Amino acid sequence: MLKPSASARSRIVGWMLLLLTAALAVPTFGITIVWQSELNRQLDAQLVSEADKLRAFARTSRDPYTGERFTSGAALLTSFMTVHRPEHDSVFLSVVDGRADRRSPGPVPARLDRDPEFVALWARTGDTRIRWLDSPAGRVRYGVVPVQVVGDRADTRLVLLSFRDRQLRQERQMARMLLTSGLCALVVAGLASWLVAGRVLAPIRLVRKTAERISETDLTQRLPVRGSDDVAALAETFNHMLDRLSHAFTAQRRFLDEVAHELRTPITVLRGHLELMDGDPDSGRRQTRSLLLDELLRMNRIVEDLLLLARAERPDFLTPGPTSLTDLVVDVAAKAQALGRRRWTVASVADASVLLDEQRMTQALMQLVSNAVSHTEDGDTIEIGSRLWLGRVRVWVADTGPGVAVQDRERIFECFYQAGPAHTGRTGTGIGIGLALVREIAQAHNGVAHVEEAPGGGARFVIDLPALHPPREGTHREQDPDSRGRGKNCVLRRSGATS
């Protein structure tokens, strides 16, 4: 089994891992940032709420020992911290005259009240704005609320601290778990992508290797088709393409071989007679000259027929237009009179106008007429007719000659194939191109050509075409440039419309 290219495989896996990394990292970091922003908002709301609780406590509470209003700010804060407990990872501190006085009960992440720098910072803070500070326990959100009691001159402050980083531990732990699981998923996805990329690219590489092994002399290579997925469909399509190429090359080689064979005979005759002309008398030379001219004319006909066969695959092979079937049959019958002394008859004629190439159809019918003349004798009947039936046009040439054997009826339209008659051993004088031209002209009109036994004996050659009637006034007909001259791709468009 072929292994896919490592570079292509690595690129595919790299892109897949990059997409997976982005898919995992973006939500993880996004959620972390959103959590942090929401926590900061909650901390600010919590500090503001604690400050409001302090103000409400100062208005309504009394000293528990005297029952009177508090006479000092320190006593007020001590009573407040006894009654109100801070939230988790938060602490209340009281600062009196620049020194730490009291702390709310319970464990705290760090004893910032023992650090003189922090205490001095809180002591000189002159407003109640919420600020940040860095501590051994991480980032801390704090606010300072000055407390004044009538008759107390001491500088008393309540410091509200919230250890933000400690509260982010759970979120950060979840983010780390997400990243860890994401990394594991990336490893698994990388291995799976490597295997999948190899499986996907292997058939493509096999296609390339097979294409490299194909040459003009070896078109037998085929891809194995397994399953029914897209890769199998690709292999099957590639095999069909190889079948078409093999058929085309075989046909081309056979065509060239047959052309060479057919042209070799007149060339040999010409050469032989030219070599004998030196010793011939004048009368012999005139006879040789006449023979050579006949051979040259035959070669010219062969070349013209071969060129016409080659043009049959071109898009401009047909020039369809409105054609009267009556005029077509009558004109061919009139032209056929000069080909031989036969009983020429015109059978039923379709009185209708259809879209076809009149010149090509005349050419095909004259070829059928010439074929009928070459297989009949003086006094035999040759019939030409047309019929319009069930949306089809049938044009035929029938004769009372020996007919065509059943085993030859399928192959008689092949190029260079010459069939013997059904009842005699006499063959035609052509080289087997004429009926191939008839078939090509019929197929160019999206029709068929076939031969059948005539009702009275002999052969009847039929051209069967779809009846495409001329468009009504206000429409025009366009030829599809990709139709290769085939009539089935013709379209009708209304005049003045845009496509």
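Asp101 is partly exposed, with a relative accessible area of 21%, where buried means under 20% relative accessible area, exposed over 50% and partly exposed in between, for a 1.4 Å probe and protein chains only. Its salt-bridge partner is Arg99, the two side chains meeting at 3.8 Å, N to O. Arg99 is likewise partly exposed, at a relative accessible area of 47%. A salt bridge here is a side-chain nitrogen of Lys or Arg within 4 Å of a carboxyl oxygen of Asp or Glu.

The model is predicted: local features need pLDDT of at least 70 and side-chain atom pairs count only at pLDDT 80 or more, while totals for chains, interfaces and linings use all residues. Residues are numbered from 1 along each chain as its sequence is written, and side-chain values use heavy atoms, with hydrogens and water left out.

In outline, the protein has 10 helices and 14 strands; these are DSSP runs numbered from the N terminus, helices being H or I of at least four residues and strands E of at least two. Of the 499 residues, 37% are buried. Among contacts with a separation of 6 or more, 62% are between residues 24 or more positions apart, a contact being heavy atoms within 4.5 Å.

The first region to examine is an open sheet of five strands in the order 2-1-5-4-3, with antiparallel pairing; two strands pair if DSSP finds at least two bridges between them. Strand 2 (99-103) and strand 3 (131-135) are the edge strands, each pairing on one side only. On average, neighbouring strands of this sheet are turned by 35 degrees against each other, direction ignored. Such angles run from 0 to 180 degrees between N-to-C directions, the axes being lines fitted to C-alpha atoms, for helices over the stretch in contact. Helix 3 (residues 116-124) packs on the sheet and touches strand 1 (90-96), strand 2, strand 3, strand 4 and strand 5 (156-163), with its direction at about 170 degrees to that of strand 3.

At one edge of the sheet, strand 3 runs antiparallel to strand 4 (residues 138-147), and five bridges join them. The connection between strand 3 and strand 4 is a hairpin through two residues. Ser135 stands opposite Gly138 in strand 4, and Trp132 has Arg141 as its bridge partner in that strand. Elsewhere, the loop between strand 1 and strand 2 holds Asp97, a residue other than glycine with a positive phi near 50 degrees.

The structure holds two cavities of 30 Å³ or more. A cavity is found on a 1 Å grid over the protein atoms alone, as a set of points where a 1.4 Å probe fits but cannot get out, and its lining residues have an atom within 4 Å of a point. Grid points are joined across faces, edges and corners, and the volume is the space filled by probe spheres set on the points. For the second largest cavity the volume is about 30 Å³. Its lining comprises Val91, Leu93, Arg103, Val108, Ala110, Arg111, Leu112, Asp113, Leu161 and Phe163. Strand 1 and strand 5 each supply at least two of these lining residues.

Further along the chain, helix 10 (residues 434-444) is mostly covered, with nine of its 11 residues buried. Those buried residues are Gly434, Leu435, Ala436, Leu437, Val438, Glu440, Ile441, Ala442 and Ala444. After the helix, the loop leading to strand 11 (448-453) contains Asn446, which has a positive phi of about 65 degrees although it is not a glycine. Asn446 counts as partly exposed at 34% relative accessibility.

The charged pairs complete the picture, with 18 salt bridges counted by the rule given above. Asp464 and Arg394 form one of them, at 3.9 Å, N to O. Because Asp464 lies in strand 12 (residues 459-466) and Arg394 in strand 10 (residues 392-399), this pair ties together parts that are 70 residues apart in sequence. Asp464 counts as buried at 13% relative accessibility, whereas Arg394 is partly exposed at 22%. Within helix 10, the side chains of Arg439 and Glu440 meet at 3.6 Å, N to O. Arg439 is partly exposed, with a relative accessible area of 25%, and Glu440 is buried, with 10%. Salt bridges that share partners also join Arg392, Arg394, Glu452, Arg460 and Asp464 into one network.

Conventions:
1 Å grid on protein atoms, 1.4 Å probe; cavity = no way out; pocket = protein on both sides within 12 Å on 5 of 7 lines; lining within 4 Å.
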